[in-house]
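Subject: The structure you asked about

Hi,

Here is the structure to open on your side, with my notes on what turned up in it underneath. Have it on screen while you read, if you can.

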Amino acid sequence: METKKHSLVPRLAYSFGAFGHDMFYGTLSTYFIMFVTSHLFSNVTGPRAAQMIGYITLVITVLRVVELLIDPYIGNTIDNTTTRWGKFKPWVIAGATVSSVAIALLFTDLGGLDNSNPVLFLIIFAILYILMDIFYSFKDVSFWSMIPALSFDSHEREKTATYARVGSTIGANLVGVIVTPMVLFFSVNDNNGQGDNRGWFIFALFVAFVSWISAVGVGLGTKEINSTLRKNTEKTTIGDVLHVLTRNDQLMWLSLSYLFYTAAIQITNALQLYYFTFIIGNSRQYSILAFLNTVVGLIAVLAFPPLAKKFNRRNVFFFSIGIMIIGLISFFFAGKSLLLVLISAELFFIPQPLIFLVVLMTITDSVEYGQLKFGHRDESLTLSVRPLIDKFGGAVSNGVVGLTAVWAGMTSGASASSVTGQGQLIFKVMMFGLPLIMVLIGAYVFYKKITLDEKAHAQIVDKLEKTWGKNFVAVEKESGEKVTVPALKEGQFDYFAPVAGDLVDLSKVADKTFASGAMGRGIAIKPSDGRIYAPFDGTVRITFSTRHAVGLVSNDGIVTLIHVGFGTVNMRGTGFINYFQRGQRVKRGDLLIEFWDPAIKKAGYDDTVAAVITNSDEISDFDLLKENGHVDKNDPIFRLTKK
């Protein structure tokens, strides 16, 4: 019970942090541009207001692109941070503090400078915006990098990530529920249901406070694990990211597909409040849509695993794209009918969490794809591609939304009655037509170029398992990683049973590669317990996203692969929990993997555990200490000798 209490507090604190973090992001990515185009320059008269909106839109777009170039250096700065509170929490709190103050100021006219001194206003605005964006990125990178630092237990990590995903989904959508009621409640002038600058400032102040206090909650409620494993060993640059992107063809094509898609949905999402304000003429009704999105978003996230399992990810992707296209087309013709608008908007929104998860899983799988193709595991660099693309899509969206507001006449002082028919047509083309074209392009690229599905990934992992041990030393040296790979020492070494169970002759197992000895000499065990333990003191050198195997190198240079079951790669981690990560040092008897044996049998796979020495050719004598019968984790099962 005490353990549950200790684990629940960090999960809740982290979930609250995700709630405030994504409430801030939702405000920045969707509602800030609405304030800029429709309210910021309400005191500026004539065509100069449209001119100022154009300048500000350009500044925002350029600065967001520039910030992409800074992101990798932000990550390096965080990696090299050492404090008594950890490396991430200080940046989470500092980033929240500066970005919260900055965004509150950005939701003002800076004391009337927008009218009295436009040039000075633009300069101060640019400084505040880049400060806000950079420190938000410090917080963003630190916050989502914390999960591995909070626990080495993959099960606990998954629970923490799930709590965080729920918190972020609620935060990102709840801000849409409260934005219009809060703005109108605190506004002095209703302004045709749009509110005024005072209402928008108080709304921004509230979001800034929630973001800051949730970051403080993360600082107080979580604890980072101190480990030499987490020390930074190499620096990442944009050049590194581009290098990985261009040589990994599946990652490159997926990134191109996702770039068109994410820019498209961000444009439509950002223009929805405009639709309710300037087409329907009732901005208060937008809260209904935002509430529905909150509920639907949570349901869609929970529905993804069973849908992907039953239909496979590729089918889920194209089915979701089809629903989204129907939503865009019906939204275009929905007019002022609230019912049709809500139905169309939900048809557009429901697929978004599903497509995001398909892309995220495929990017994750491309790590092993690149590892097999190039002999180097670029995990951090590969996973950094997705947020970079999201930010670039956000920059494109900000530019398009700003231009759309000016072209359609939806700027300061405008209302639903003042927007012309031509303005409405321009708006709908930009909100629905342009994103529709971009979604179709993204889907076409995915259809023609992406071949990395679950089946292909399982085959890749299977090949990695069968080739890793043989070329381990060469691969590690070729990769340029700063790791020590000890040569096999002379002497005698005992190898202890990694799992309790009954011994089986390796030559009699179902898998021909293991049975033939091509993987190396070893033993098989029919498990009586669902726990895998370290057979010696050493270091984890290979991990798999499918969690069913682990590669270790002992301090004496013994290289081993411990593989749970045959065909279990197709389970994609279901029923497996890892208690390690790559590079972690372990002691003999440390728990490495837990697996649920009934899940393996229910899936129709063999649960036999194989333990092989992949550098067997360097061993002079390989003596089985016990050939049959039951063994426990404390029993030595063979003795290795190098003369």
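Two strands count as paired here if DSSP finds at least two bridges between them. Please keep in mind throughout that this is a predicted model.

**The sheet**

With that meaning of pairing in hand, look at Asp 623, which stands opposite Arg 639 in strand 14. Strand 14 covers residues 636–642, and 4 bridges join it to strand 12, with the two running antiparallel. Both belong to an open sheet of 3 strands, ordered 1-14-12, with antiparallel pairing. Which strands stand at the edges? They are strand 1 (491–496) and strand 12 (621–624); each has a single partner strand, so one side of each is left without a neighbour in the sheet. From one strand to the next, the twist averages 20°. As a general reminder, strands of a sheet pair through backbone hydrogen bonds, either parallel or antiparallel.

**Two helix pairs**

Two packed helices are described by the angle between their axes and the distance between the axes. I picked out two such pairs for you.

The first is helix 10 (residues 249–280) with helix 16 (residues 385–407): their axes come within 8 Å and cross at roughly 40°. Because of that angle, helix 10 is oblique to helix 16; an angle under 35 degrees would have counted as roughly parallel. The crossing of helix 10 and helix 16 is right-handed. Which classes of residue make up the contact between helix 10 and helix 16? The contact has 15 nonpolar, 7 polar and 2 charged residues.

The second is helix 3 (residues 89–106) with helix 5 (residues 118–145), which pack at about 150° with their axes 8 Å apart. That makes helix 3 roughly antiparallel to helix 5, the cut-off being over 145 degrees. The crossing of helix 3 and helix 5 is left-handed.

**Salt bridges**

Side chains of opposite charge can pair when their charged atoms come close. How many salt bridges does a search of the whole structure find? The search gives 10, and a few of them deserve a visit.

Start back in helix 16, where Asp 390 and Arg 386 are 4 residues apart, which means that about one helical turn separates them. Their side chains meet in a salt bridge, 2.6 Å from N to O. Is Asp 390 buried or exposed? Asp 390 is buried, with a relative accessible area of 13%, and buried here means under 20%. Arg 386 is partly exposed, at 21%.

Next, go to Arg 531, which forms a salt bridge with Asp 529, the closest N and O atoms being 3.1 Å apart. Arg 531 also meets Glu 594 in a salt bridge, at 3.4 Å from N to O. Arg 531 lies in strand 4 (residues 531–533) and Glu 594 in strand 10 (residues 591–595), so the pair ties together parts that are 63 residues apart in sequence. As for accessibility, Arg 531 is partly exposed at 33%, Asp 529 is partly exposed at 24%, and Glu 594 is partly exposed at 22%.

Finally, Arg 313, Asp 365 and Arg 572 are joined into one network by salt bridges that share partners.

Happy browsing, and write back with any questions!

Best wishes

How values were computed
Residues are numbered from 1 along each chain as its sequence is written. This is a predicted model: local features need pLDDT of at least 70, side-chain atom pairs count only at pLDDT 80 or more; totals for chains, interfaces and linings use all residues. Side-chain values use heavy atoms; hydrogens and water are left out. Axes are lines fitted to C-alpha atoms, for helices over the stretch in contact, and angles run from 0 to 180 degrees between N-to-C directions. Angles under 35 degrees count as roughly parallel, over 145 as roughly antiparallel, 65 to 115 as roughly perpendicular and the rest as oblique. A crossing is left-handed if the near helix is turned anticlockwise from the far one by less than a right angle, and right-handed if clockwise. Ala, Val, Leu, Ile, Met, Phe, Trp, Tyr, Cys and Pro count as nonpolar, Asp, Glu, Lys and Arg as charged, and the others, Gly among them, as polar. A salt bridge is a side-chain nitrogen of Lys or Arg within 4 Å of a carboxyl oxygen of Asp or Glu. Buried means under 20% relative accessible area, exposed over 50%, partly exposed in between (1.4 Å probe, protein chains only).
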